Amino acid sequence: MGLHIRPFKEEDLEAVLEIEHLSFDEPYAEEVFRRVLGEDNIFLVGDVEGGRVVAYILALILQSEVHVLSVAVHPEWRRRGYAKELFGHLFQEVRLLGLGRVILEVDVTNSVAQRVYYALGFKVGGRLRCYYQNGHDALLLFKEFGPQRIASG
Ligand SMILES: CC(C)(COP(=O)(O)OP(=O)(O)OC[C@H]1O[C@@H](n2cnc3c(N)ncnc32)[C@H](O)[C@@H]1OP(=O)(O)O)[C@@H](O)C(=O)NCCC(=O)NCCS
């Protein structure tokens, strides 16, 4: 089943919140999503089968940097390459906008997500002690995007 990736629309919020709650012990509250909608963001959802939203990625643009706040795939739709596809679209936008870097934090115990990120070329930039409410540390990961190459005739 192919994933159709498109920008978030307000009517997707319920599905996004459901995925968020199924995916995280410390999910972001609805108000967090609503607050960031008004900011400079890259918010993509992936839908399948008559439009059901099964995956999303939310990132904030902070000057030349893109900070991924949340990414998740509905548990029933994992291991199909959807996270990789979402990141592929995000990276395309980052290049189009000429931005320099994508950063994110990941729980040190979340080895599944770390596999995805390392496969996508993220590198470890540091460790944030007791970053999560459960006391776990976070790894700070980053991926650099070089200056755009201008095609020569
Ligand atoms: C992390 C998450 C977004 C990955 O989504 P996904 O669509 O299942 O990932 P993909 O299918 O694109 O996987 C990409 C690669 O990562 C690795 N990978 C993904 N899930 C894996 C698993 N359960 N075990 C081992 N490797 C895994 C594989 O190398 C995979 O490529 P392959 O299937 O070709 O071998 C998903 O597991 C999820 O929503 N988890 C809960 C929320 C979360 O932890 N988000 C990240 C917070 S920082």
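I began with strands E4 and E5, and I noted that 3 bridges join them and that the two run parallel. Within this pairing I found Val66 of the E4 side standing opposite Val102 in E5. I should record at once that the model is predicted, and that every entry below is a reading of that model.

**Sheet neighbours of E4**

I then followed E4, which spans 65-73, to its other partner. E3 and E4 run antiparallel and are joined by 8 bridges, and I picked out two of the facing pairs: Ile57 stands opposite Val71 in E4, while Ile61 has Val66 of E4 as its bridge partner. Val66 therefore came up twice in my notes, because it stands opposite Val102 in E5 and is also the bridge partner of Ile61, with pairing taken from the bridges that DSSP finds. I looked at the turn as well, and I recorded that E3 and E4 make a hairpin with 2 residues between them, in which Gln63 has a positive phi of about 55°.

**E2 and E3**

On the other pairing of E3, I found that E2 and E3 lie antiparallel over 8 bridges. Val48 has Arg52, in E3, as its bridge partner. The hairpin of these two strands has 3 residues between them, and there I noted Glu49 with a positive phi near 40°.

**The whole chain**

I stepped back to the overall order of elements, and I counted 4 helices and 7 strands in the protein chain, which along the sequence follow the pattern β-α-α-β-β-β-α-β-α-β-β. The C-alpha atoms fill a box of roughly 50 × 40 × 30 Å along the principal axes. I compared the radius of gyration with the globule rule: for 153 residues a compact globule would have a value near 15 Å, and the chain has 16 Å, which agrees. Of the contacts with a separation of 6 or more, 58% are between residues 24 or more positions apart, and buried residues make up 23% of the 153 residues.

**The largest nonpolar core**

I next asked which residues touch the most other members of the largest nonpolar core. Among its 33 residues, these are Leu44, Ala55, Tyr56, Ile57, Leu86 and Leu90. The elements that give two or more residues to this core are helix H1 (13-23), strands E2 (41-48), E3 (52-62) and E4, helix H3, and strands E5 (101-107) and E7 (138-144). E3 gives the most, with 7 residues. As background I wrote down that nonpolar side chains tend to be buried together in soluble globular proteins.

I examined two members in more detail. Ile57, apart from its neighbours within four places in sequence, is in contact with Leu44, Val68, Val71, Leu86 and Leu90. Leu90, which sits in helix H3, has contacts with Ile42, Leu44, Ile57 and Ala59 when the same exclusion is applied. I class Leu90 as buried because it has 22 C-beta neighbours inside 10 Å, and the cut-off for that class is 20 or more. I also took one distance from Leu90: Leu58 is 32 residues away in sequence, and the two C-alpha atoms are 9.3 Å apart in space.

**The N-terminal residue**

Is Met1 buried or exposed? I found it exposed, since 9 other C-beta atoms lie within 10 Å. Met1 belongs to the segment before strand E1 (4-7), and beyond its neighbours within four places in sequence it is in contact with Val48 and Glu49. Glu49 is the residue I had already noted for its positive phi in the hairpin of E2 and E3. I checked Met1 against Tyr117 too, and these residues are 116 apart in sequence and 23 Å apart in space, C-alpha to C-alpha.

**Around the ligand**

My last entries concern the shell around the ligand, where I found 19 residues, with Ala72, Arg78, Ala83, Lys84 and Ala113 coming nearest. Strand E4, helix H3 (82-96) and helix H4 (111-119) are the elements that give two or more residues to this shell. H4 provides the largest share, with 5 residues. I sorted the shell by class and obtained 11 nonpolar, 3 polar and 5 charged residues. I closed by noting that E4 and H3 appear both in the list for this shell and in the list for the largest nonpolar core.

Key. Residues are numbered from 1 along each chain as its sequence is written. This is a predicted model: local features need pLDDT of at least 70, side-chain atom pairs count only at pLDDT 80 or more; totals for chains, interfaces and linings use all residues. A residue is near a molecule or strand if its C-beta atom, placed from the backbone, lies within 6 Å of it. Ala, Val, Leu, Ile, Met, Phe, Trp, Tyr, Cys and Pro count as nonpolar, Asp, Glu, Lys and Arg as charged, and the others, Gly among them, as polar. A nonpolar core is a set of buried Ala, Val, Leu, Ile, Met, Phe, Trp, Tyr and Cys residues joined through C-beta atoms within 7 Å. A residue is buried if 20 or more other C-beta atoms lie within 10 Å of its own, exposed if 12 or fewer, and partly exposed in between; C-beta atoms are placed from the backbone. Two residues are in contact if their C-beta atoms, placed from the backbone, lie within 7 Å. The radius of gyration is taken over C-alpha atoms; the globule rule is 2.2 Å times the number of residues to the power 0.38.
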